[in-house]
Structures are given as structure tokens and as C-alpha cells.
Amino acid sequence: MTDSSTLPHRLRDALLAAGFTYDAVADLLGGTAHAALARNQTAPGLARTADGSPLATLTRLFLLQTAVTRAEAEAALPDLVDRLAVEGFLETSVGEVRARLDCRPYAAPDAAGDHDLWVASDLTPGLDGLPNRVSADHVLGISSASTSLAQLTLRDDVVSALDLGTGCGVQALHLATHAARVVATDVNARALRLARFNAALNDLTGIEVRDGSYFEPVRDEQFDLIATNPPFVISPGTGERLVYRDSGLPGDRVVEDIVRAAPRHLTPGGWCQVLANWVITQGTPWDERLAGWLGPTDEGIVSDAFVVQREVLDPAAYVELWLADEGATGTPEYLRRYDTWLSWFADQGIEGVGFGWINLRRRPDGAAGDATLRLEEWPYEVEQPIAGAIGAWGDAVDDLAGLDDEALLGARLRVRSDVRQESFGEPGAADPEAIVLRQQRGFRRGHAADTVTAGLVGASDGDLTVGQILDALGQLLDEDAAELRRTYVPVVRDLVADGFLEV
């Protein structure tokens, strides 16, 4: 594939002319066929794309991975079919054209709403139950993991950003919409070529793609934002190494190394956001183990950390997931691989594997106090994209760091606009048995509240200080005001940290 040629721009023109956008393809397929394709089934989609239009032809070629006539391909990709065949995108035979690479529209969210990108990658394996074995240098396209990281990544405007382990370049494409300069790294030569092609295909000139392992290509550089979906699969390394998912390092060492190294590559106040798997060992709580990765660097760089464990798989479920991913299900070596992998987990004392998010923020220059470390298990539904809630947590850390108890009592707080109060009890009862404050956005947390907490939150509209509200509640409830202050300052601090109240 020739990265520097005019081919990406000519292909972009053809895709635009055909109306090959995410919404247009979704409308063409309809709900049933679109959902079927998400399950790797193409029959409903084939029935919806038989009219020979350029949009239908491109959908058949790249998403449904079926042959189209040469005439249909020429109509959808005028003067490009032979060139795309030479560059490895298409395969031509007598009167027929097939795709050898995927190229699909992608609705990428940003501050202004969704906008269309196009992403080239290797073909999706396993359509219609066909074998889904992939090569060692397979370049993954849009996946649930890449979408999860995109939804996690902060979207504030920054000067510089790093996509560590870029693959086909999806995260770099996102980052280029709000970073003046983006560096994307990988060790897979095919991934590097496709990442460069995708940058040109989307007319994004601020992306620099570099060859190298992890932080080696940016050894002496710092960034305002680092996003990475590393090859985090935890395995004994006895099968063929698939570069997009297998690091070659033992256990979860790749994630630990990134977490330990990232702070020195961040500007003060900069963020590193990691989509990761980690080992859960017998006798050691997962959060205690990961907290050991989060201390100051040898240079004394301190980072706040917000780690969220979203899911835990037992060893058998984890092995089945990744054997299926590589297409080993139903093959002669399946049971042997399964047993070897499971036995290795037992030998290593691994009782589960956690999946989730690691968010690091290098402390701003001059920031006082120790690092704030928050590690929690949160398997519940959250608002997507969740990035805004991650950024709000960082803001709350800064706000609280500058407020001792006396200053917090003098602060004027405001209840977040999406917080609602839920009351529970017998119908007709004078007083509720329980009160819960519930967020409608972000993490959608609930906070059990007593009468004082509910009254304090309800009165927090930015006019009165915390101390004034507590004093008024003391008079109303005939409670000692000084005691209310001592008791409820920690509660207020938690409500700010959890995003119920804002400074």
C-alpha cells in the first residue's frame, strides 16, 4: 500500500460521491440487517443491497464481504478499481471484484456531535460462521474495545496527544479532532501503513505515525493526553502471537509497565487513559495489587489515578473468549490449548481477570498534597461517552485539594443539575423509610441520604455556604450546629468527590 500517493484522497472523493456514510449505510440496511451484521450474519444485508447503486455496492464489498460485478465496482469506484487491486484493497477476476481489505464509515462523536470518518483495516473474520482464523499481523478495525476507549478518552482541546499502539489508527483519528499534534506508534508494519492511509483518507494532516515498541519512539517527549488500548490479553504465550492482542510479556506486565512509565511522558496536568485487563490473584484484592503500580516514579513524579473495574471473568470464561477470538473453536488443537491455558492460570494463582479503565493524571505543577487514588468496582450501566465524568472527577480532586474542613464549610456549592431525589416507603406514610440521591448522567451513582444530607443537597444552589446551610438545618431539626458541622463535612467531601455537588 502506498501511503503517500493520491489514492487516499481519490478514494475519499469516491466514498463521498456514493454517500458512503454511517447513517446512510444504517438506513440502507435497516434495523434487522444492521443488527444481524453486528452478529456477523450477512444474509439480511444482502437482501437489502441488491439494487446495484454505488452505496449498495460499497456496502456489499466492504461490510458484507461479498463479490460484486466489475461494472458495479467501476460505478462505485470510478477509475480506482485496478489501482485499489494493485494496492491490495481489492481482488479482481473475470467480471467480478472482491474486497481484500475493509473500508467502512465510522460515526465518531465529538463536541459538535457525530461526524463521519472512514477506517481501513483487515477484513472482519468469521462472517456467516466461516472460519475466523487471522494472521499474526492482523490489523483489527472498529471493535468494541476501540469504541470503549474512544468513549473514555477526554476530548478537551490539547496541544499534543499520543496514541500508543495505534493499530489501524482509530484513536489517532479521534485525537486529531482536538489535538494540534498527534503521534501514533506501533510495531506492526501493516498497522503503520494502514494508520497512515487512514490519516490521509480522512484528510487529517496532524498525525505522525512512528514505528517502535510502546514509549520507545517518544522516549524524550511529553504529551497532554495519552490514549492506549494495548495488547493486554493474559496468556501463557504458547499459541501464535497475534500482535493486536498479545504483548509477549508475562501476565499483565504490559499494562503495569505502561502505567509505571506513563507519568514521565505526561505534561503537568496531562492524562493517560488505558483500556486494560489485569490479573486477580488468590489472596490479594485487585485494587490493592493495582495500587502498587500507582506510586511516584523514580523521578518523584506524582499522579492521581481513577481506576474502574468494569467486569471480572473467571479463568474458564476468559480462555473461551480469547480462543474464540483467534478462531480456535472447533479446531483439533482447541482442547489442548484450553487445558494448557487453564493450567497456566492455576499455576500462576490467577483466580480471575479484571477488565476496566485506568485513568492517570500527572499532578499539576505546584499542586499540594498526596496523590488521590480511587480504585472501585463499577459493573453498572453508565452514560456513554463516560469521558465527561472522568474529567469531572479530576476537577473535583483539584477543588477538594484546596479546601480544608474550614474552607469547605465556607464554600458555596451547587447540586448537579441531573441529581434527583428518590423516596421509598409505605404508601401514605408521613415520612419515607429511605431517601436516595440519584445521578441521571455520568456514572449514575446513588447516595443513601438521611434528612440532613437531603436537606443540605436540596439547599445547595450556590447562594449559601455549607456552614450556613448546616446551621439552618440544626435550628430546623433542633440539632447541635457544631456537631452537625463535624459530622457532615466528610459527607459533603464525599458528595463533591462523587459528583453530586460542585464547587
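## A tour from the charges to L173

Start with the charged side chains of the protein chain: the mean positions of its 42 positive and 77 negative charges lie 5 Å apart. Keep in mind as you go that this is a predicted model.

**Zoom out to the whole chain.** Show the C-alpha trace and turn it along its principal axes, where the protein chain spans about 90 × 50 × 50 Å. Switch to a cartoon view and you will have 18 helices and 19 strands to explore. The radius of gyration is 26 Å, close to the 23 Å that the globule rule gives for 503 residues, so the protein chain is as compact as a globular protein of that length.

**Add a surface.** The protein chain exposes about 22300 Å², and carbon and sulfur atoms supply 49% of that area. Colour by burial next: buried residues make up 50% of the 503 residues. If you draw a contact map, count the contacts with a separation of 6 or more; residues 24 or more positions apart account for 69% of them.

**Now select helix α8.** This helix covers residues 170–175, and L173 lies in it. Is L173 buried or exposed? Its relative accessibility is 1%, so L173 counts as buried.

**Show what surrounds L173.** Leaving aside neighbours within four places in sequence, select L117, W118 and V119, then N198, A199, N202, L204 and I207: L173 is in contact with each of these.

**Finish with a distance.** Pick the C-alpha atoms of L173 and I258; the two residues are 85 apart in sequence, and your viewer should draw a line of 22 Å between them.

How values were computed. Residues are numbered from 1 along each chain as its sequence is written. This is a predicted model: local features need pLDDT of at least 70, side-chain atom pairs count only at pLDDT 80 or more; totals for chains, interfaces and linings use all residues. Side-chain values use heavy atoms; hydrogens and water are left out. Helices (H or I, at least four residues) and strands (E, at least two) are DSSP runs, numbered from the N terminus. The radius of gyration is taken over C-alpha atoms; the globule rule is 2.2 Å times the number of residues to the power 0.38. Buried means under 20% relative accessible area, exposed over 50%, partly exposed in between (1.4 Å probe, protein chains only). Contact means heavy atoms within 4.5 Å. Accessible areas come from the Shrake-Rupley method with a 1.4 Å probe; for residues, only the protein chains shown count as cover. Lys and Arg count as positive and Asp and Glu as negative; His and the chain ends are not counted. The place of a charge is taken as NZ of Lys, CZ of Arg, CG of Asp or CD of Glu.
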